Each structure stands twice: as C-alpha cells, then as structure tokens.
Amino acid sequence: MIEATTRWSVTRRKIFTNCARRYAIKYIDNNRPYLGQIKGNYHSPWDLMIKTSREIFFQLLADLHRGVSWSDKLIQSRIRFGLTSQLISFGLTNKRISNKKKNQLISGAFIRIKKLLKNSIITRIVDGAIKEWSFHERIKPVSFGHLKVYCSPDIVYRYKSKWHLVRLNFQSERIQPYVELELCSMLLWSKYNQYLPNIGEKFAIHGIFYTDGKWRNYSFIPSQKMLQESKQLLEKDVHNMNLLQIEFVKNLSPNKLPLANSSNYCIRCPYKISCPKF
C-alpha cells in the first residue's frame, strides 16, 4: 500500500511537471529493487558539480556569519575536495572521468561561486552593508494544513523596515511561468518563524537564478493575493501528485506514465536506463 503524499517542495514540483516517470521513480515507489538499480547507476558529473557548488557556497556563508572570509585559493581547494568526493561516491573515478573533464567542472563551480559573490545582494552581505542576516537549509518542512512544505528561504536579511527572503537556484530553467507563486511559498515558512512578522506586505522576495552563464535577480513585493494563490498552487500540485500516484498503482510501472516533452530535460536524467524514450 502506497500512502498518499503530503509533501511539497519546488524540486518535487519541477520534476512532477516535467516528467511523470521521473517523479514516480524518485518519490512514489523508490523501494523496488529495479528502481534502486536505476537510481544507483547514473549521476551526471554536471549535476554533481552543481550540488557541490551549492554546498561549498553555504560552507562559505557559515564561515562568513562567524566573521571568517575565504580566499579564492580556499574556495578552489574546497570545491576540488568536495567534487572529487562526490564523483568517487557515485563511482565516477579516474577511469570513467578524465582529469581534464574534472578540472573543467571544478573551474565551472569556481566561476559560478565567484559570479554569485558579485551579485548585488550577496555583495552587500559580504561587505557588511547588510548586518542582520541568516542562512537556512531546506531540510525541515513547515505544516500547511495537512501538507508538509519544504519552503524555507536560503537567505533572510533585514534592510530598513522590510525582511527580505532569498532563494538561490544554482541551475535554473530559462522559462519559469510560476516563479512568483513558487517564491511566495517562502512566506509560509516566515509565518512559523517567531522572529519574523506574518504580514506579506512587510516582506520583499528575491529569486537569484543561474542560467546561461549569469546570475539573474527576480525581485518583487508580495501581496496577500499572491500568497493565497501560492497556497492554492501547493494544494493543486499535491492533489495532482496523488492522482498520478493512483495511476501508478494500477500497474506499478513507471514506464507507462507520461514522459518528458522536451529531450533537453532528459540529458542529465539519472533514470535514463530502461526509459522507453531511448
């Protein structure tokens, strides 16, 4: 018996809307032996680079919060160690990935972090112009009705009379039709934080997205209407996820579920093995 899902996150939403098969393998029935084999067989070095970039940047933020700055040499060293560890853990040893390719990935992660440090918001934090700030990991959900929502901001800071909620995306899609409503989910987190006000008008929201070699800011002042529409989006998403789950249970085969429309989404998919599209 597969229980109905009650969890929502931006990552789950992106996977669900792009490929039902990938969503089913990752979230619905991930205990079957053949699915486990699919999961363990492939992780794109590019995706591991993105994951490492994020982890290293948050290590940098943790030290910065303690008043410790990093040199470029230390950033590069941490990236090299972190990425090498990730590659080895997924079986991508020197026999499967060349030193040249690994160095290109390390360089890519370094450039990504250095460009982020030049972002207007991050620069003000690093330089001390923003004095009241914190950073968070999206590992603890907040309750929204019967749902568990993973929606914490990556960075929170206060400037003048407003609290600013910031979400970072180290590899963003070019087209994001629901970006404002997805970002507004951070307001749900704020309502459960005793140090923050629960009125939408006291916030500013920022998405900092990396795409086409650049970090881009998407900023706006949320409204109560947007917050309500964001809540409706969450509820609709989870409802549709459970409809997909019901469909999956009929035959227990992810290969019979709808596949990604765009082949670009398949390039680094970890579940390409045995996918009927290939």
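**Exercise 1. Charged pairs**

Find how many salt bridges there are in this predicted model, and describe the one between Arg13 and Asp237.

*Solution.*
Step 1. Start with the total: the model, which is predicted, has eleven salt bridges. As background, side chains of opposite charge can pair when their charged atoms come close.
Step 2. Now look at our pair. The side chains of Arg13 and Asp237 form a salt bridge, with a distance of 2.5 Å from N to O.
Step 3. Locate the partners along the chain. Arg13 sits in helix H1 and Asp237 in helix H10 (residues 224–251), so this bridge links distant parts of the chain, 224 residues apart.
Step 4. Check the surroundings: Arg13 and Asp237 are both buried.

**Exercise 2. Buried or partly exposed?**

Decide whether Glu173 and Lys14, which form a salt bridge, count as buried or partly exposed.

*Solution.*
Step 1. Confirm the contact. The side chains of Glu173 and Lys14 meet at 3.4 Å, N to O.
Step 2. Place the residues: Glu173 lies in the loop between E6 and H8, while Lys14 belongs to helix H1, and 159 residues separate them.
Step 3. Apply the cut-off, where buried means under 20% relative accessible area. Lys14 has 16% relative accessibility, so Lys14 counts as buried.
Step 4. Do likewise for the partner. Glu173 has 30% relative accessibility and therefore counts as partly exposed.

**Exercise 3. A second pair and a network**

Classify Arg54 and Asp154 by accessibility, then name the residues that shared salt-bridge partners join into one network.

*Solution.*
Step 1. Begin with the bridge itself: the closest N and O atoms of Arg54 and Asp154 are 2.5 Å apart.
Step 2. Arg54 is in helix H4, and Asp154 is in the loop between strand E4 (147–150) and E5, so the bridge spans distant parts of the chain, 100 residues apart.
Step 3. With a relative accessibility of 24%, Arg54 counts as partly exposed. Asp154, at a relative accessible area of 0%, is buried.
Step 4. Finally, follow the shared partners: Arg13, Lys14, Glu173, Glu182 and Asp237 are joined by salt bridges into one network.

**Exercise 4. Reading a sheet**

Work out the strand order of the five-stranded sheet and explain why E2 and E8 each have one side without a neighbour.

*Solution.*
Step 1. Take the first pairing. Strand E2 (residues 133–135) and strand E5 (residues 155–159) run antiparallel and are joined by three bridges. Here Ser134 stands opposite Val156 in E5.
Step 2. Move on to the next pairing: E5 and strand E6 (residues 162–169) are also antiparallel, with five bridges between them. Val156 faces Leu165 in E6, and Ile155 stands opposite Val166 in E6.
Step 3. Look at the turn. E5 and E6 make a hairpin with two residues between them, and Lys160 in the turn has a positive phi of about 55°.
Step 4. Put the whole sheet together: the five strands form an open sheet in the order E2-E5-E6-E7-E8, with mixed pairing. E2 and strand E8 (214–220) stand at the edges with a single partner strand each, so one side of each has no neighbour in the sheet. From one strand to the next, the twist averages 20°.

**Exercise 5. Empty space**

Describe the largest pocket and the largest cavity by volume and by the residues that line them.

*Solution.*
Step 1. Recall the idea: rolling a probe the size of a water molecule over the atoms shows where empty space is left.
Step 2. Take the pocket. The largest pocket has a volume of about 2200 Å³. It is lined by 48 residues, and Thr11, Arg22, Asp47, Asn169 and Gln171 are the closest to its centre.
Step 3. Ask which element contributes the most to this lining. The answer is H4, with seven residues.
Step 4. Sort the lining of the largest pocket by class: 18 residues are nonpolar, 13 polar and 17 charged.
Step 5. Turn to the cavities. There are two of 30 Å³ or more, and the largest cavity holds about 90 Å³ of space.
Step 6. Residues lining the largest cavity include Cys19, Arg21, Arg22, Tyr265 and Phe278. By class, the lining of this cavity has nine nonpolar, no polar and three charged residues.

How values were computed:
Residues numbered from 1 in each chain as written. Predicted model: local features only at pLDDT ≥ 70, side-chain atom pairs only at ≥ 80, totals over all residues. Heavy atoms only, no water. 1 Å grid on protein atoms, 1.4 Å probe; cavity = no way out; pocket = protein on both sides within 12 Å on 5 of 7 lines; lining within 4 Å. Points joined across faces, edges and corners; volume = space filled by probe spheres on them. Nonpolar A, V, L, I, M, F, W, Y, C, P; charged D, E, K, R; others polar. Pairing = 2+ DSSP bridges. Helix = DSSP H or I, 4+ residues; strand = E, 2+ residues; numbered from the N terminus. Axes fitted to C-alpha atoms, helices over the stretch in contact; angles between N-to-C directions. Salt bridge = Lys/Arg side-chain N within 4 Å of Asp/Glu carboxyl O. Buried < 20%, exposed > 50% of the residue type's maximum accessible area, 1.4 Å probe, protein only.
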